[in-house]
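Trainee: Please take a close look with me at one part of this model, and then connect it to what surrounds it. I would like one continuous account, with each term explained where it comes up.

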2 protein chains.
Amino acid sequence: MGDLDRVMQLLAKLPGLGPRSARRAVLHLMKRREALMMPLADALANAARSIRACSVCGNLDSADPCAICTDDRRDPSVICVVEDVADVWALERAVAFRGRYHVIGGVLSALDGVGPEDLNLDTLVARAREPAVTEVILAMNATVDGQTTAHYVADRLAPAGVKVSRLAHGVPVGGELDYLDDGTLMQALRARHSV
Amino acid sequence: MGDLDRVMQLLAKLPGLGPRSARRAVLHLMKRREALMMPLADALANAARSIRACSVCGNLDSADPCAICTDDRRDPSVICVVEDVADVWALERAVAFRGRYHVIGGVLSALDGVGPEDLNLDTLVARAREPAVTEVILAMNATVDGQTTAHYVADRLAPAGVKVSRLAHGVPVGGELDYLDDGTLMQALRARHSV
């Protein structure tokens with residue numbers, strides 16, 4: 001049972017999987033040894049070996065600089081700053097942005113002991129100083145920590161003389177007013193525009 | 001992105017993980033490359049290579065016959081028949097049973113096209129005929145399919161002349177009557193015993 005126990009223990013460390021679902025996952029894998037278990041082992045080993053953080057933007061890719069940083073069809077004048085690689089994926093899925101990204105790798109948090117030196121900020125300031133860059137969009141999460149971090153990053157970018165913008169806050173598409181929190185409603189009212 | 005996408009696709013096939021949680025899991029893995037991702041790849045490859053179904057009872061183990069079948073301290077006269085390896089684990093965790101097991105590997109299901117020939121039953125009948133075996137406990141799930149399967153297995157075991165028993169149904173320990181279904185309450189009442 002040693003090998004199976006080890007797989008279970010490791011799977012149980014993944015977010016969204018506990019001991020119980022890890023056991024179910026292991027049995028599922030054992031029943032699909034050729035179709036799922038071996039390919040997953042290979043894919044994990046390959047990804048762990050080949051994928052690295054892009055030295056320009058911090059995105060994860062098998063190439064460095066990453067495919068987005070080296071894509072000539074993308075606008076090099078706009079940089080979208082996000083907390084995490086998952087945010088890059090979300091924006092790419094939405095096909096919402098055609099510029100470049102910068103992943104700072106977290107948010108400032110006194111509670112978790114994350115200071116400015118723990119974030120990927122120095123390279124961002126350097127990139128913002130490049131003549132080709134005209135705008136930096138701060139796309140942190142609309143959480144207290146995210147917005148605190150956005151303020152800090154905006155301050156750091158001020159000397160670069162680049163235009164700094166942030167995402168609009170308001171009613172999400174498909175959102176019902178009745179279910180929205182007070183903060184969102186207030187922001188949506190404040191940022192109202194004439195039609 | 002190819003290698004990461006592949007890991008995501010495969011993880012999303014695990015029970016309990018969808019595309020969204022698979023993405024979160026991949027980022028979690030990438031952040032713990034040495035501590036989690038590489039060990040998981042190794043453990044999966046090792047388990048896929050070494051773990052097989054016990055030819056006696058159908059349990060999963062790196063040895064064949066499995067550690068339970070070869071454990072001399074366990075009672076060889078009682079066989080507990082379960083649907084799945086997860087049930088063996090559940091009974092072992094509860095330290096509820098000190099005999100041997102037999103994993104039939106599923107339940108009869110007309111809907112899913114599972115017939116008697118798809119289950120690990122022939123070896124069970126052969127084991128039940130061994131002189132050392134005096135009792136077979138049917139420990140299928142208390143579902144319609146599980147109980148149908150238990151009936152079928154009991155019929156198949158009848159010629160072997162072995163004692164066949166099944167688990168008691170009733171109020172689970174810690175269960176509140178108010179929250180129990182009608183079927184359980186009826187079974188618990190019917191199987192009441194004097195104190």
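Mentor: B:Val95 sits in the loop that runs between α4 (85-93) and β4 (100-103) of chain B, where helices (H or I, at least four residues) and strands (E, at least two) are DSSP runs numbered from the N terminus. This is a predicted model, in which local features need pLDDT of at least 70, side-chain atom pairs count only at pLDDT 80 or more, and totals for chains, interfaces and linings use all residues. Residues are numbered from 1 along each chain as its sequence is written, chains are lettered from A and ligands numbered from 1 in the order in which they are written, and side-chain values use heavy atoms, with hydrogens and water left out.

The phi of B:Val95 is near 45°, a positive value in a residue other than glycine. B:Val95 is also exposed, with a relative accessible area of 61%; here buried means under 20% relative accessible area, exposed over 50%, and partly exposed in between, using a 1.4 Å probe and protein chains only. In chain A, A:Val95 has a positive phi of about 45° although it is not a glycine, it lies in the loop between α4 and β4 of that chain, and it is exposed at a relative accessible area of 61%.

The position of A:Val95 is just after α4(A), and that helix (residues 85-93) has A:Val85, A:Asp87, A:Val88 and A:Trp89 as its buried residues. Their cover comes from both chains: it includes β2 (60-61), β3 (78-82) and β4 (100-103) of chain A, together with α1 (2-11) and α2 (19-31) of chain B.

The involvement of both chains appears again in the contacts of A:Leu4, where contact means heavy atoms within 4.5 Å. Leaving aside neighbours within four places in sequence, A:Leu4 touches A:Val26 and A:Met30, and from the other chain B:Ala47, B:Ile51, B:Leu60 and B:Trp89. A:Leu4 is one of the residues, with A:Leu11, A:Leu44, B:Leu4, B:Leu11 and B:Leu44, that touch the most other members of the largest nonpolar core, which holds 81 residues; such a core is a set of buried Ala, Val, Leu, Ile, Met, Phe, Trp, Tyr and Cys residues joined through side-chain atoms within 4.5 Å. A second, separate core of 18 residues includes B:Leu119, B:Val125, B:Ala128 and B:Leu157.

As for how the chains are arranged, chain A can be laid on chain B with an RMSD of 0.1 Å by a turn of 179° and a shift of 0.0 Å along the axis, the superposition being by least squares on the C-alpha atoms of residues with pLDDT of at least 70 in both copies. The two copies are thus related as by a two-fold rotation axis. Within chain A, the C-alpha nearest that axis belongs to A:Ala41, 2.2 Å away from it. Both copies use the same surface, since 100% of the contact residues of chain A recur in chain B.

One further backbone feature belongs to the loop between β2 (60-61) and β3 (78-82) of chain B, where B:Pro65 lies. The peptide bond from B:Asp64 to B:Pro65 is cis, with omega near 0°. In chain A, the bond from A:Asp64 to A:Pro65 is likewise cis, with omega near 0°, and A:Pro65 has its place in the loop between β2 and β3 of that chain.
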